[in-house]
Structures are given as C-alpha cells and as structure tokens.
Amino acid sequence: MKPFRKITGPATRQAIRRTLRAALNSAIAQQLITFNPASHVELESGRRPKPLMWTDERVRRWRETGQIPGPVMVWTPQQFGAFLDAAEGDRLYAILHLMGTRGLRRGEAVGQDWHEIDLDVGLITPAKEIVVDGWDIYESEPKTDGSANTIALDNTTISELRDHKARQDKERAQWGHAWQDTGKVFTKEDGSWLHPGTVSETFRRILATTDLPPITLRDLRHVTATLTHGDGGDIHTVKETLRHSTITLTSDTYTSLLPELDREIAEKAAARVPRGRRAGGRLASGA
C-alpha cells in the first residue's frame, strides 16, 4: 500500500542480493538448481552516505537556498541541546533524550525493557526491539549480536529515566486493572507497546516548532557519535557506544564527520599545557 511503502536504499538492496546469493548457492550445493541468477545482478554502490555536520556556514546556505548539503545531516551538540529544550515537557521527551545521548535505534528504544536497565549502577542493555512490518509491529531480537551489548548511562540520562518512570507509575495507577504490564520503558498511556512511528511523528512535530536545520530521527545516532567523540572518545569508543558490528563500519561512517570536531578537541588539548607566555607571544604577567 502506497502510504506504507518504503523505498529501499542502495545498501539495503546490496544486503538483499547477498542474502539471495547465499541462499541460491546453498540450493546449488544441494543440487536443487544449477544456476545462481543473483550472482549476475548489477546494482549501484551500496556505500553508506557520509554524514555531514550542520556547521554555521551550511546552516546559512540552507536558510538562503533551502538546499540540504547531504542525505545525512548531523546536529552539533549546541543544536541538539536546543532541540531538547523544545522537547522538554513532552510525554516522550525521555526517549528522544536517550536516543540522542546513548545512540539507541528507534526499534531498540521502544523495545527497551525496564529489567534491562539498572538506574542505580547506570547501565542499559538494548536486548529487544520493536520492528515495523507495514504498519503492524512485532518484537524481535536486536539487529546484531553486538547490538545487545551493555552500555553506560550518564547521570543526566539516569535522572530523565527516573522522571519518566515516575510519570509511568502515575499512568499505571490511573488505568488500574486496565493497565497492560508489558514491562517496556516507553509505552502508550495504558502500558501497551508504543508504535515506533509515534516516536518519529513526535520528533517531527517538535522539530517543526524550532528554527533548527533538519535531520531525521535516525540521525540522532550520529549525534551520539559527535557527543562521544567531542568528549574525547576515539573511534573505538564510538563503535562500542553505537554497538556497531565492526570497527570498519564505524570508521567508514564517521571519517567525514569526526574531523569537524577535532579542532575543538585540539584547542582543549593545547589549553591543558601550562605556558609562561600569553597567546600572540606576549610575556605573561610576572614573567
């Protein structure tokens, strides 16, 4: 159906071809067929588009022309902070905060169970995800084995999750026996599963109230990468936070993005070195 039709990108089509090719090769090994047509299908490159940061110059040009520099755009920490300010008070604020700071995918976030979060220790394990099939939803295992790795929660995110839990407990009391105890962190008001599409719609609605340059809900994972790297984390730390399957995937995705943050990191590193001279070569007082 057209309203629910999703066009697959080059990377997805490459993945589909790999799966078909492997299945048909297995059929050849079992002498069920003699020819693998998937091996002869030519597709465009399946390289992932490189994310670009919304620098001041790119924002200025976007405001003048309406043109977006690339298919994947990423907010700066300051821009993400402005979005959170606009989102504060929304019932789903905590899920947007969690996705932007800890890099959970949309399906992982709505599939997150309370028993896989330890707010006292500050750990979270995205062990389940809610998958959309057309418009129907079902629970599934994570995208990869590494997706279920445990990662740390910062104090601010822990505080937001505690506030969210208190709100959910009030909703539980209001619904009484009609409450559906799914055990999920993010639910509808009656405790039932939250549709991933609701999160996307909430994100778009809040974004429309701001003057921020556009990104997608999926791009909040890239925001996590910039926050992690900007705080001194290397590419391996970014990989572990985003729970990528390989360091190559992380490197290929962020080689175009992270250098844009390196100037700030370089300035911070230089500022840590005590000097007897001021900037510009003038002697410091008392020297």
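Arg 58 sits in helix α2, which spans residues 56–65. The model is a predicted one. Arg 58 has a relative accessible area of 23%, so Arg 58 counts as partly exposed, since the buried class ends under 20%. Ile 68 lies ten residues from Arg 58 in sequence. In space, the C-alpha atoms of Arg 58 and Ile 68 are 8.2 Å apart.

**The chain as a whole**

The chain holds eleven helices and seven strands. Of its 287 residues, 39% count as buried. Its accessible surface is about 16800 Å². Carbon and sulfur atoms account for 52% of that surface. Take the contacts between residues at least 6 apart in sequence: 57% of them join residues at least 24 apart.

**Helix α3 against helix α7**

Helix α3 covers residues 77–87, and helix α7 covers residues 196–208. Their axes come within 9 Å. The crossing angle is roughly 100°. Angles of 65 to 115 degrees count as roughly perpendicular, so α3 and α7 are roughly perpendicular to each other. On the α3 side, the contact involves Phe 83, Ala 86 and Ala 87. On the α7 side, Phe 203, Ile 206 and Leu 207 meet them. What is the make-up of this contact in nonpolar, polar and charged residues? Six are nonpolar, none is polar and none is charged.

**Asp 90**

Asp 90 is found in the loop between α3 and α4. Is Asp 90 buried or exposed? Its relative accessibility is 17%, so Asp 90 counts as buried. The cut-off for buried is under 20%. The side chain of Asp 90 makes a polar contact with the side chain of Arg 205, at 2.9 Å. Leaving aside residues up to four places away in sequence, Asp 90 touches Arg 167, Thr 202, Arg 205 and Ile 206. Ile 206 also takes part in the contact of α7 with α3.

The accessibility values given for two residues are set out here.

| Residue | Place | Relative accessible area | Class |
|---|---|---|---|
| Arg 58 | helix α2 | 23% | partly exposed |
| Asp 90 | loop between α3 and α4 | 17% | buried |

**Helix α4**

The loop that holds Asp 90 leads to α4, residues 93–102. Helix α4 is mostly covered, with ten of its ten residues buried. Among them are Tyr 93, Ile 95, Leu 96, Leu 98 and Met 99. His 97, Thr 101 and Arg 102 are buried in α4 too. Gly 103 follows α4 and has a positive phi, near 75°.

Conventions. Residues numbered from 1 in each chain as written. Predicted model: local features only at pLDDT ≥ 70, side-chain atom pairs only at ≥ 80, totals over all residues. Heavy atoms only, no water. Axes fitted to C-alpha atoms, helices over the stretch in contact; angles between N-to-C directions. Helix = DSSP H or I, 4+ residues; strand = E, 2+ residues; numbered from the N terminus. Parallel < 35°, antiparallel > 145°, perpendicular 65-115°, else oblique. Contact = heavy atoms within 4.5 Å. Nonpolar A, V, L, I, M, F, W, Y, C, P; charged D, E, K, R; others polar. Buried < 20%, exposed > 50% of the residue type's maximum accessible area, 1.4 Å probe, protein only. Areas by Shrake-Rupley, 256 points an atom, 1.4 Å probe, with all protein chains shown as cover. Polar contact = N/O pair within 3.5 Å; in protein donor to acceptor, adjacent residues only side chain to side chain.
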